[in-house]
Amino acid sequence: MLKVSVKWQKEVFPDVEIDTSQPPYVFKVQLYDLTGVPPERQKIMVKGGLLKDDADWGTLGFKQGQKLMMMGTADEIVKAPEKGPVFMEDLPEEEQAVAVGHSAGLINLGNTCYMNSTIQCLHSVPELKSALLQYPQSERRNDLDHPSHMLTVATRDLFNELDKTAKAVAPMQFWMLLRKKYPQFGQLHNGVFMQQDAEECWSQLLYTLSQSLRSPGANENPDSVKQLFGVELVSRIHCQESCEESSESETVYSLKCHISHEVNHLHEGLRHGLKSELEKASPSLGRSAIYLKESRIDGLPRYLTIQFVRFFWKRESNQKAKILRKVDYPLELDVYDFCSDDLQKKLEAPRQLLRNEEGKKLGLKVAEKSSTSKDNDVKMSDADEGSSNLARESSLTTSQDDAPVEEKQLTGIYDLVAVLTHKGRSADSGHYVAWVKQESGKWIEFDDDNPIPQREEDITKLSGGGDWHMAYICMYKARAVPM
């Protein structure tokens with residue numbers, strides 16, 4: 001990489017790196033981080049005039065250590081008078097972020113809306129932010145590769161930056177390290193970075209964090225990402241032709257909503273997604289045979305991720321085509337019917353308690369539990385002692401002296417907290433946007449660097465049926481009750 005020095009007003013910034021494989025706009029974003037001058041206001045003097053966003057580095061003849069002159073006015077916070085009302089613009093950046101009521105937007109670095117929308121959705125998970133805050137920057141486990149370590153550090157730093165400012169953030173460091181770990185996100189077409197699939201970005205980032213945030217042997221958070229997002233499935237695999245049958249268990253980080261002409265609602269798509277056909281060798285037949293795989297949920301996460309399988313490979317056009325069919329999804333999702341018999345039994349007591357609590361809020365009379373019922377609850381609690389990530393919240397609410405004061409169990413009922421949408425006809429084109437529910441209950445549409453307040457009733461309208469934004473990934477938060 002070339003290194004140049006940039007003079008702006010009375011300041012000189014030495015050793016500013018220029019990646020000549022990226023357009024000059026990316027270089028301007030770097031200068032924005034250093035000076036606060038937005039790219040559109042920057043006037044950088046080069047041979048033949050001003051540096052343009054799409055100029056060809058090869059024709060500019062830059063040399064190592066060259067000095068550049070930049071002109072432009074930085075964004076300023078208007079200073080308040082010594083006496084009088086204090087406006088939000090006058091507050092320090094951290095206080096501005098609190099006053100705005102939502103985190104900052106993310107600058108699009110060139111077809112990076114898939115990445116920005118993924119970050120905004122995952123950034124809304126406070127438990128993930130807490131796990132990242134505890135991640136050490138200097139110490140790396142021997143079994144973790146360096147790119148994964150650096151990407152985790154960049155994720156932590158980016159999440160922190162989003163919480164500390166109301167201004168749009170340029171995720172330059174994160175983007176560079178994401179491409180280093182996963183080179184497919186650095187694909188170029190005619191010298192421009194290509195649009196990528198947001199689901200692939202989501203999955204790859206979660207996989208990296210699941211490896212880096214895992215701390216074998218530690219008493220707390222042995223696998224933070226699995227506890228937060230891991231769905232335990234138990235599957236029955238049988239062949240009608242040979243009558244062979246087997247079972248298997250696995251952990252996945254999202255459920256699939258398969259879309260066909262029969263699917264009109266998320267529940268129907270999930271039911272289709274939990275059944276699949278596979279071809280494999282049959283020992284009894286001595287040849288390949290078709291097996292039916294039927295899965296049930298055997299362990300619930302705190303955050304349930306659902307992917308709408310809207311894209312498929314179209315040979316005629318040699319690209320991922322999109323299914324535009326409208327598929328409705330709820331603000332409140334109950335997955336009890338998709339759970340295994342064992343898990344359903346574990347969910348009965350927490351669900352009854354939740355119904356009682358909701359009944360009290362509505363002014364309904366709730367029957368007192370008999371002693372037999374209480375004994376059954378104790379037995380059920382004892383039976384759950386050895387289980388992990390089943391119907392139980394895996395973390396405890398703690399007091400100041402770290403003593404556990406309350407234990408929660410999941411109910412199988414989830415509330416929608418984030419939607420990642422896609423607008424367009426192909427996964428590798430179009431535009432991705434994140435719609436995220438804030439702690440205040442308000443919804444914000446994060447269209448790259450532009451956060452826009454939205455009404456809750458409009459969130460479920462992102463269900464498809466046209467060329468408008470439609471849900472591609474939904475994230476639900478578990479509703480838990482103290483036991």
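At what angle do the axes of helix H6 and helix H7 cross, and within how many Å do they come? Keep that question in mind while you walk through this predicted model, beginning with the sheet and ending at the two helices.

**The sheet.** Select the 5 strands, which form an open sheet in the order E2-E1-E5-E3-E4, with mixed pairing. Strand E2 (11–18) and strand E4 (49–50) stand at the edges and have a single partner strand each, so one side of each is left without a neighbour in the sheet. In general, the strands of a sheet pair through backbone hydrogen bonds, either parallel or antiparallel.

**One pair of strands.** Now select residues 2–8, which are strand E1, together with residues 67–71, which are strand E5; these two strands pair in the parallel sense over 4 bridges. Within this pair, look for Ser 5, which stands opposite Lys 67 in E5.

**A helix across the sheet.** Add residues 24–35, helix H1, which lies across E1, E2, strand E3 (43–46) and E5, and which runs at about 145° to E2.

**The two helices.** Finally, select H6 (residues 146–164) and H7 (residues 172–181), whose axes come within 9 Å and cross at roughly 155°. Angles over 145 degrees count as roughly antiparallel, and therefore H6 is roughly antiparallel to H7. The crossing in which H6 passes H7 is left-handed. To see where they touch, show the side chains of residues including Met 150, Leu 151, Ala 154 and Leu 158 in H6, which meet a group in H7 that includes Phe 174, Leu 177 and Leu 178. Sorted by class, this contact of H6 with H7 has 8 nonpolar, 2 polar and 1 charged residues.

Terms used. Residues are numbered from 1 along each chain as its sequence is written. This is a predicted model: local features need pLDDT of at least 70, side-chain atom pairs count only at pLDDT 80 or more; totals for chains, interfaces and linings use all residues. Side-chain values use heavy atoms; hydrogens and water are left out. Two strands pair if DSSP finds at least two bridges between them. Contact means heavy atoms within 4.5 Å. Axes are lines fitted to C-alpha atoms, for helices over the stretch in contact, and angles run from 0 to 180 degrees between N-to-C directions. Angles under 35 degrees count as roughly parallel, over 145 as roughly antiparallel, 65 to 115 as roughly perpendicular and the rest as oblique. A crossing is left-handed if the near helix is turned anticlockwise from the far one by less than a right angle, and right-handed if clockwise. Ala, Val, Leu, Ile, Met, Phe, Trp, Tyr, Cys and Pro count as nonpolar, Asp, Glu, Lys and Arg as charged, and the others, Gly among them, as polar.
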